[in-house]
Amino acid sequence: MSSSKRGAFIVIEGLDRSGKSTQASLLHERLQDSQDVATTPKVVLLKFPDRTTAIGKMIDAYLRSESELDDRAIHLLFSANRWELASTITAHLAEGTTVLADRYAFSGIAFSARKGLPYEWCRTPEIGLPAPDLTLFLNISPEVAAARGGYGLERYEREEVQKGVRHVFDKIGQAMQDEGEGKWVGIDAGKTKEEVAEELWKAVEPLVGGVQGPISRLWETTLTPDVQGGS
Ligand code: T5A
C-alpha cells in the first residue's frame, strides 16, 4: 500500500438472517489472503452490536427479551455501542488496516424508524461516526430470510418487522446515493453462499490496496452552517 493511502472501511448490512455474518467471515478470510503476509495485522472484523461491552450486554438482554427498555433508550444504547469503537475504527484506518463491520449505523436507524420513531431523530446520534467507504446491502425477501436456520429466536425476527425494516433500509440507501455519502451497493443475498461471496468480492476488490483521502464522518456535511455555529 502506498504511504498516502489509508485502510478502507467496509460495512455489510441487511435484514436478519440475510447471511451477513457468513459473508463477513468469508470476506475477512479473503481479504486476509489478499494482503501482504509480511505486514500484520491488516484486516479487522467488527460486529455490531458488540455484545461483549457493558452496553453490549444491556443490548443483548433486550434482544433476548430478558429486559424491557424504552424505544429511545435502546436506540441510544445501540448508537453508544458504535461510539465505543469509533476511535478504534479511525485508528485502524489511519494505520492502513481495512475495517470490516457486520452491521453499522444504518441498522440502528432502520430498526428504530420502523418502530415509528422519527427518521431524523434516529439518524442524529449516528452523525459524526466514521463513514464507510462502501456499504454492501444484502438484499433478501423477508420470506426467504425466515426460512433460514435460527430465525425467530430474537425480538425483531418476525416477518412484519423485517418488511418495515427493509422499507427504511431502501430509503437510507437512496439517501446515501443522493447525498454522496459513500457507496451503497445492493447484493442479491438469495443466491448460494459462494455466489453471494463472489458478488461481494467484485465490489470490494478495488479497495484492497487501501483508499485515498481523509476518513470522512457520517452526515456531518449535511448539517447547515448555522447549526454548526458558522455564518
Ligand atoms: N439492531 C442491530 C438494531 O436494532 N439496532 C442496531 O443498531 C443494530 C446494530 C441483532 C438485532 O439487533 C438489531 C438487528 C437485529 O435484529 P445481529 O446480532 O446482527 O443483530 O443479529 P442477526 O441479524 O439476526 O444476525 P445473524 O448473525 O443472526 O444473521 P446474519 O448474520 O444475517 O445471517 P448468518 O450469516 O448468521 O446466516 C443465517 C443462516 O442462514 C444460513 C447460515 O448458514 C445460517 O444458518 N445462510 C444461508 N443459507 C442459504 N443460502 C445462503 N446464501 C446463506 N447464507 C447464510
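The paragraphs below lead through a predicted model of a protein with a bound ligand, beginning at the ligand and ending with a pair of aromatic rings.

A good place to start is the space that the ligand takes, which is the largest pocket. Around the ligand stand 27 residues, and the closest of them are Arg-17, Lys-20, Ser-21, Thr-22 and Arg-103. When the residues of this shell are sorted by character, twelve are charged, eight are polar and seven are nonpolar. Several helices take part in the shell, for helix 1 (20-34), helix 3 (71-94) and helix 4 (105-114) each supply at least two of its residues.

Individual contacts can then be picked out. In the side chain of Arg-103, an N or O atom lies 2.4 Å from an oxygen atom of the ligand, and in the side chain of Arg-51 an N or O atom lies 2.9 Å from a ligand oxygen atom. Ser-18 takes part through its backbone, where a polar atom is 3.1 Å from an oxygen atom of the ligand. Taken alone, the ligand exposes 1,000 Å², and the protein buries 85% of that area.

Turning from the ligand to the aromatic rings, the count comes to nine aromatic pairs. One of these joins Phe-48 and Tyr-104 in a tilted arrangement, with 5.8 Å from centre to centre and 55° between the planes. Phe-48 belongs to the loop between strand 2 (43-47) and helix 2 (54-63), while Tyr-104 belongs to the loop between strand 3 (98-102) and helix 4, so the pair ties together parts that are 56 residues apart in sequence.

Conventions: Residues are numbered from 1 along each chain as its sequence is written. This is a predicted model: local features need pLDDT of at least 70, side-chain atom pairs count only at pLDDT 80 or more; totals for chains, interfaces and linings use all residues. Side-chain values use heavy atoms; hydrogens and water are left out. A residue is near a molecule or strand if one of its heavy atoms lies within 4 Å of it. A polar contact is a pair of N or O atoms within 3.5 Å; within protein, one must be able to donate a hydrogen and the other to accept it, and residues adjacent in sequence count only if both atoms are side-chain atoms. Accessible areas come from the Shrake-Rupley method with a 1.4 Å probe; for residues, only the protein chains shown count as cover. On a 1 Å grid over the protein atoms alone, a cavity is a set of points where a 1.4 Å probe fits but cannot get out, and a pocket is an open set with protein on both sides within 12 Å along at least five of seven lines; lining residues have an atom within 4 Å of a point. A molecule sits in a cavity or pocket if more than half of its atoms lie within 2 Å of its grid points. Helices (H or I, at least four residues) and strands (E, at least two) are DSSP runs, numbered from the N terminus. Ala, Val, Leu, Ile, Met, Phe, Trp, Tyr, Cys and Pro count as nonpolar, Asp, Glu, Lys and Arg as charged, and the others, Gly among them, as polar. Rings of Phe, Tyr and Trp (its six-membered ring) pair if their centres lie within 6.5 Å; planes under 30 degrees apart count as stacked, over 60 as edge-to-face and the rest as tilted.
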